[in-house]
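Please walk me through this structure. Begin with the strand pairing, then turn to the ligand.

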Amino acid sequence: MKYFTLKINTLAWGLSFAFLSAMLSCGNKETINNAVTMETMSKKDVTLSVIHSRKSVRNFITGKTVPRETLDTIVRAGMAAASAVNLQPWQFIVIDDRTVMDSLAAGLPYAKMLAHASAAIVVCGDSTVKAGELAFWEFDCSLASGNILLAVEAMGLGAVWTAVHPDTVRISTVRTMLHLPDNIIPLNVIPIGYPAGNDKPKDKYKPDKIHWNSY
Ligand SMILES: Cc1cc2nc3c(=O)[nH]c(=O)nc-3n(C[C@H](O)[C@H](O)[C@H](O)COP(=O)(O)O)c2cc1C
């Protein structure tokens with residue numbers, strides 16, 4: 001239980017550190033938002049800029065392909081996430097086939113933007129991977145998803161987490177379409193594409209949510 005609480009408290013830090021290490025290992029020539037490069041910004045500035053400019057993108061420029069190399073870089077950032085006991089209980093289904101994208105769009109009511117996105121990543125957890133008796137896949141895969149969303153932003157692309165787990169109907173829809181075995185649970189579907197430009201980051205800073213030393 002103590003370990004569980006610790007995981008929640010360190011979620012944001014884990015996400016930031018894992019994301020940063022992934023981006024650094026992916027090559028420092030990568031163009032960051034606003035055409036600023038790693039050479040002209042400090043590590044801190046680059047990381048915070050990406051974190052604060054990330055937003056859910058639901059409107060995409062249609063018909064533009066995201067190269068597989070780029071999708072691989074994005075998944076690599078996902079795999080850099082922290083995970084309980086370093087068990088890495090994730091599996092990633094990367095979709096760039098128009099027919100599969102359109103089938104998912106038709107089957108998932110809250111992921112209609114898949115019809116206009118260029119690609120998608122389905123982040124899945126392996127429910128049989130456990131630390132003792134406890135399964136942490138939801139937390140671990142959420143961290144991996146956070147890294148994916150940040151990597152997408154850093155690469156000038158856009159994405160949005162669309163929920164699958166814990167909705168049993170959506171899980172069943174995705175399981176059938178992607179031929180997932182029973183132990184592999186789809187957490188989300190993340191459509192990825194070139195942003196149309198109308199989705200903006202929200203300022204969510206609320207000082208009244210911060211409690212120093214006690215609630
Ligand atoms: C667990 C989770 C489930 C979400 N499910 C959906 C969804 O099914 N469809 C969707 O369009 N957005 C979904 N979102 C995106 C949220 O609506 C979005 O993150 C939130 O409105 C804050 O906006 P921002 O991401 O631009 O900061 C989900 C986000 C999370 C973290």
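Strand E3 (residues 119-126) pairs with E6 in the antiparallel sense over eight bridges. Strands (E, at least two residues) are DSSP runs, as are helices (H or I, at least four residues), numbered from the N terminus. Two strands pair if DSSP finds at least two bridges between them. Within this pairing, Ile-121 stands opposite Ile-190 in E6.

This is a predicted model: local features need pLDDT of at least 70, side-chain atom pairs count only at pLDDT 80 or more, and totals for chains, interfaces and linings use all residues. Residues are numbered from 1 along each chain as its sequence is written.

E6 has further partners. Strand E1 (residues 60-61) pairs with E6 in the antiparallel sense over two bridges. There, Ile-61 has Tyr-194 as its bridge partner. Strand E4 (residues 158-159) is also antiparallel to E6, over two bridges. Its Ala-159 is bridged to Ile-192. Strand E5 (residues 162-163) pairs with E6 in the antiparallel sense, again over two bridges. Here Ala-163 stands opposite Asn-188.

E6 spans residues 184-195, and 10 of its 12 residues are buried, so the strand is largely enclosed by the rest of the structure. Buried means 20 or more other C-beta atoms within 10 Å of the residue's own, with C-beta atoms placed from the backbone.

Now the ligand. The residues around the ligand are Lys-55, Ser-56, Arg-58, Tyr-110, Val-160, Trp-161, Thr-162, Ala-163 and Lys-202. Each has its C-beta atom, placed from the backbone, within 6 Å of the ligand. This shell divides into four nonpolar, two polar and three charged residues. Ala, Val, Leu, Ile, Met, Phe, Trp, Tyr, Cys and Pro count as nonpolar, Asp, Glu, Lys and Arg as charged, and the others, Gly among them, as polar.
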